[in-house]
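Work through the exercises below with the sequence and the 3D structure open. Each task is followed by a solution in steps.

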Amino acid sequence: MTSAVNSNIPPSVLQPGAPVAPGYYSASQPLVDEPLVMLHGWGGDSRAWQDFAYQLNQHFHLHILDLPGFGGNRHAPVNHQSLIEMLPQRCYLLGWSLGGMVAVQLAAGAPDKIAGVITLAANAKFVASDDWPTAMAKATFEQFYSGASRSLQTTLKRFAPLVGNDLDKTQLAQLRSDLMAAQKAYPDAAYMSGLNWLQTLDNRESLAQMAVPSLHLLGEHDQLVPATAAQPLAKLLIKAPVVGAVELIQCGHALHLAEPQAVAQKIVQFIGANQPNRDKQKVADSFSRAAPTYDSVAQLQRKVGARLSGLFRRSIVRRQVDSVLDLGSGTGIYSKALAELLPDATVVSTDFAQGMLQYARSQQQGELFCVGDAEQLPFADDSFSALFSSLMVQWCENTATVLAEIYRVLKPGGCAVIATLGPGTLYELNHAWAQVDDDQHVNKFTSAKVWLMQAAQLGYARVEYKKEPITQYYDNVRDLTHSLKALGARNVNIRSAAGLGGRQKIAEFTRAYETQRTQHGLPLSYQVDYFILEK
């Protein structure tokens, strides 16, 4: 078997207008280390990526890979397993139409190899059924299949304007030319095998279990994959361990040809946004080390915790609460308070920092302890009547995943009260460092708008939101930074500077911070966002 990815084409950078062939193309300044594997759709070969591949090659290393039956893979078996063997050790997948459906199969079959999936004009099922009506009508597909078996060339000529219904004359002519050139190069059997694949693929279960970030772009005016598939696709993805996104673009089936810049931008933004910003183990280790000193400097945490406790008591009025999860329980102060408030309920303390749980146990702050990641909670579905989480979720990487996990472990009718930090937090710290260098010294915080949007998409029955600005004051920079260190609230971004940079930088930072001094002292601001969520 000849693998297009491992072909003898030397690494190169695509040039505008250069022919796109299967192989590897390097980017001079890639956004990520992992390559982007591109899978074309039915009816053609890798020429489908003409021009669009050049735009992506400015940001990514590209692997142009032909589907089985085409190009260097013309003799490969028509199944996703044959393609898994050709994938790099770790990559992103981009698939158009049938290629997109195959990409979902690859992600399900080899999750360890896949960093993320982007599909263009790809449905969960290409052919409609009683339980998936938002697809091509079965009679229409059978008519198309019959026509292809009689005269593939005629069918492809009719296929081109369906694919490129919103392309200009020049683009449509190029599309038709590429389809005709491919048709002369490959046997009809390859096309019929592809149609059989389209007819039988059912990605609903794979999408609902997608374990990597995914983006699914559909055309508003697509004549092959109806735009109405967007909503049921989104519902499938909400169930996935890693919640994906579905977006509509004002074009037809050939999104990358009709709106190349917009589609390329969305791909760049998606992959960029899903790069890990925070080192989870660094977060856990930092808070574990801070456990003995945490409560002595946690004035902000006590104030926020008291406010959140009031919201919690209000939320559980007239509710039967038999189990509570203290998510990010820290030193266990609120686990103990929850147990006292609800003596007949089971209160479980969970935290990613094992040192925090050990300290809580030594202080007898709680009864049941469990090390757990908020993005992958170690509890069964429908486990808790209520959830309490004070100033923890801001340390998580993916807010949508956290909200989905909270939704999953809550019982129907259960409620969660959450306090987190929003943008604007540590503004003065960030502003002072910006006068010194361009490194990332302050953690990024998700906006309430994003939290609310994601909660709505997940289907929470009720969402309530409040915000509270809080400013603390310090006599000097040393006291300010010492308090953050004692809390464990350090800069835990992967792209952060390795160290503060020596005495000169510290001196510059101190001078910059002193310019923000008020009559009360040196300010340190927080934006606290409170959410009440009901399943």
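**Exercise 1. A side chain in a loop**

The side chain of Asn123 comes to 2.7 Å from the backbone oxygen of Thr134. The model is a predicted one. Describe the surroundings of Asn123, and decide whether Asn123 is buried or exposed.

Solution.

Step 1. Locate the residue: Asn123 sits in the loop that lies between β5 and α4 (138-150).

Step 2. Look for another backbone oxygen by the side chain. That of Lys125 is 3.2 Å from a polar atom of the Asn123 side chain.

Step 3. List the contacts, setting aside neighbours within four places in sequence. Asn123 touches Met101, Trp132, Thr134, Ala135, Val225, Pro226, Ala229 and Leu233.

Step 4. Apply the cut-off. Asn123 has a relative accessible area of 3%, and buried means under 20%, so Asn123 is buried.

**Exercise 2. The seven-stranded sheet**

Give the strand order of the open sheet of seven strands, and find its edges.

Solution.

Step 1. Read the order across the sheet: β1-β3-β2-β4-β5-β6-β7, with mixed pairing.

Step 2. Find the strands that pair on one side only. These edge strands are β1 (23-25) and β7 (245-249).

Step 3. Take the average turn between neighbouring strands of this sheet, ignoring direction: 20°.

Step 4. Examine the β1 edge. β1 pairs with strand β3 (residues 62-65) over three bridges in the antiparallel sense, and Tyr25 has Leu62 in β3 as its bridge partner.

Step 5. Add a helix. Helix α3 (residues 98-109) lies across β2 (36-39), β4 (91-96), β5 (114-120) and β6 (214-219), and runs at about 150° to β4.

**Exercise 3. Strand β11 and its partners**

Which strands pair with β11 in the parallel sense, and over how many bridges?

Solution.

Step 1. Start with strand β8 (residues 323-327), which runs parallel to β11 and is joined to β11 by three bridges. Leu325 has Leu387 in β11 as its bridge partner.

Step 2. Turn to strand β12 (residues 410-421). β12 and β11 pair in the parallel sense over six bridges, and Phe384 stands opposite Leu410 in β12.

Step 3. Trace the chain from β11 to β12. The path goes through helix α16 (residues 399-409), and this β-α-β crossover is right-handed.

Step 4. Check how covered the strand is. In β11 (residues 384-390), seven of the seven residues are buried.

How values were computed:
Residues numbered from 1 in each chain as written. Predicted model: local features only at pLDDT ≥ 70, side-chain atom pairs only at ≥ 80, totals over all residues. Heavy atoms only, no water. Buried < 20%, exposed > 50% of the residue type's maximum accessible area, 1.4 Å probe, protein only. Helix = DSSP H or I, 4+ residues; strand = E, 2+ residues; numbered from the N terminus. Pairing = 2+ DSSP bridges. Right-handed = clockwise from strand over helix to strand, strands pointing away. Axes fitted to C-alpha atoms, helices over the stretch in contact; angles between N-to-C directions. Contact = heavy atoms within 4.5 Å. Polar contact = N/O pair within 3.5 Å; in protein donor to acceptor, adjacent residues only side chain to side chain.
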